[in-house]
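Biologist: Please take a close look at one part of this model, the metal site, together with the enclosed space in the protein.

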Amino acid sequence: MEPFDIDPDIRRARSLPPRAYGDPELFARQRERVFAPSWQWCPEAGAVTHDGDAAPFTLLPGCLDEPLVATRARGLVRALSNVCTHRGHPVVTCAARASSLRCPYHGRRFAHDGRFLSMPEFTGAEGFPSADDDLAPVSLERWGPLDFVSLRPAVPLTEVLAQIDARVGALVPWRLSRHAGSDRDYEFDANWMLYCDNYLEGLHIPFVHAALSEAIGYDDYRTELAPWGTLQLAFARRGELAFELPDGHPDAGSRVAAFYAWVFPNMMLNFYPWGLSLNVVQPVGPLRTRVLFRAWTWDESLRGQGAGSGLDQVEMEDEAVVVASQQGMRAALARRGRYSPTKETGVHHFHRLLARALG
Ligand code: FES
Ligand SMILES: [Fe+2]
């Protein structure tokens, strides 16, 4: 499809062309220009807890589909390409602990840092081995309890997360426990951008989320823009759970119920007084999306109260409107929409970042 422009002035801007939500050619371009340079959550890096451990995984299945492996050697965790430099077979096929990584196809061996070690029947091969015979390294960075990888990082992770770190980093006691009981994977028929659009505005909350509306105020709901994302602040109604913000915090004195941080292109970090809920929006295809919900708690006794309660219910309500909108986007008579200048600055910002990344 033809490239689209998003006017920098939200009062004049028109939103994405309906065809953008599902166009296969645009989806392929997003894979290269939006997702390959992005940072993606990498839980496997936390799974290699001992030297010699290796855990294979596919980065963004259905979108990037990149075979990678997390390894650990001398206490250092790395991410590497899991594609054998001989003829492409996966080097590590299941999580294991061993002294080296051995490709099951013809026995090429690698160290846990990716260095080529040995290969049968290659004496006589000239200029062999060279650096091209090592497994390619992949950028891996950590923030709090979370690890991230990037195939071709456009911007360092610290820069991407700077706004969140400045606002929320100090509030979070980083001794978090993973709350596996609340793990959820949702899948539905809609383009991933529609799910993000919906997340990025509070305009729909009173219409779509009756229970959530009772916990948070609508009029003071606020969106702030940052170079690589947005931060939405929801404020607690009287009697509802709020953060205890220390003096000197930019929001000290107000009763913040939740900080909803979105990181371009597809990650949401939702901070509640009880902990963190992470949502990763994974495009599985132009018209299919998977969303992972993972949680970490630091005050289990508060979980289930305030803005961060009933997350399942809120998700079902969001999915229903997103799937219905996707139907509309495919209609012959669908048109480009407009943005609410007061309540849709986050959506406008997302579309501007997309337009810029797509060039
Ligand atoms: S493909 Fe790995 S050794 Fe041949
Ligand atoms: Fe919602």
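Modeller: What follows goes through the metal site and then the cavities of this predicted model. The iron ion (ligand 2) has as its protein donors the NE2 atoms of H204 and H209 together with two OD entries from D318, and these lie 2.0 to 2.7 Å from the ion. Along the sequence, the donor residues follow the spacing H-x4-H-x108-D. The arrangement around the iron ion (ligand 2) is irregular, because the 4 donor atoms subtend angles of 53 to 148 degrees, whereas a tetrahedral assignment would require every angle to lie between 85 and 135 degrees. Of the histidine donors, H204 has a relative accessibility of 11% and therefore counts as buried, and H209, at 2%, counts as buried too.

D318 also appears in the description of the largest cavity, where Y199, L212, Y260, V314 and D318 are, of the 22 lining residues, those that lie nearest the centre. This cavity has a volume of about 310 Å³, and its lining comprises 11 nonpolar, 8 polar and 3 charged residues. The elements that each supply at least two lining residues are α4 (192-199), β16 (267-272), β17 (275-285) and α7 (311-329), with α7 giving the largest share, 4 residues.

The count comes to 2 cavities of 30 Å³ or more, and the second largest holds about 40 Å³ of space. Its lining is made up of P3, F4, R29, A355, L358 and G359, which by class are 4 nonpolar, 1 polar and 1 charged.

Conventions:
Residues are numbered from 1 along each chain as its sequence is written. Chains are lettered from A and ligands numbered from 1 in the order in which they are written. This is a predicted model: local features need pLDDT of at least 70, side-chain atom pairs count only at pLDDT 80 or more; totals for chains, interfaces and linings use all residues. Side-chain values use heavy atoms; hydrogens and water are left out. Donors are N, O and S atoms within 2.8 Å of the metal (3.2 Å for Na, K and Ca); water is not among the atoms, so sites may look incomplete. Four donors count as tetrahedral if all angles lie between 85 and 135 degrees; four count as square planar and six as octahedral if opposite donors are over 155 degrees apart and all others between 65 and 115; anything else is irregular. Buried means under 20% relative accessible area, exposed over 50%, partly exposed in between (1.4 Å probe, protein chains only). On a 1 Å grid over the protein atoms alone, a cavity is a set of points where a 1.4 Å probe fits but cannot get out, and a pocket is an open set with protein on both sides within 12 Å along at least five of seven lines; lining residues have an atom within 4 Å of a point. Grid points are joined across faces, edges and corners, and a volume is the space filled by probe spheres set on the points. Ala, Val, Leu, Ile, Met, Phe, Trp, Tyr, Cys and Pro count as nonpolar, Asp, Glu, Lys and Arg as charged, and the others, Gly among them, as polar.
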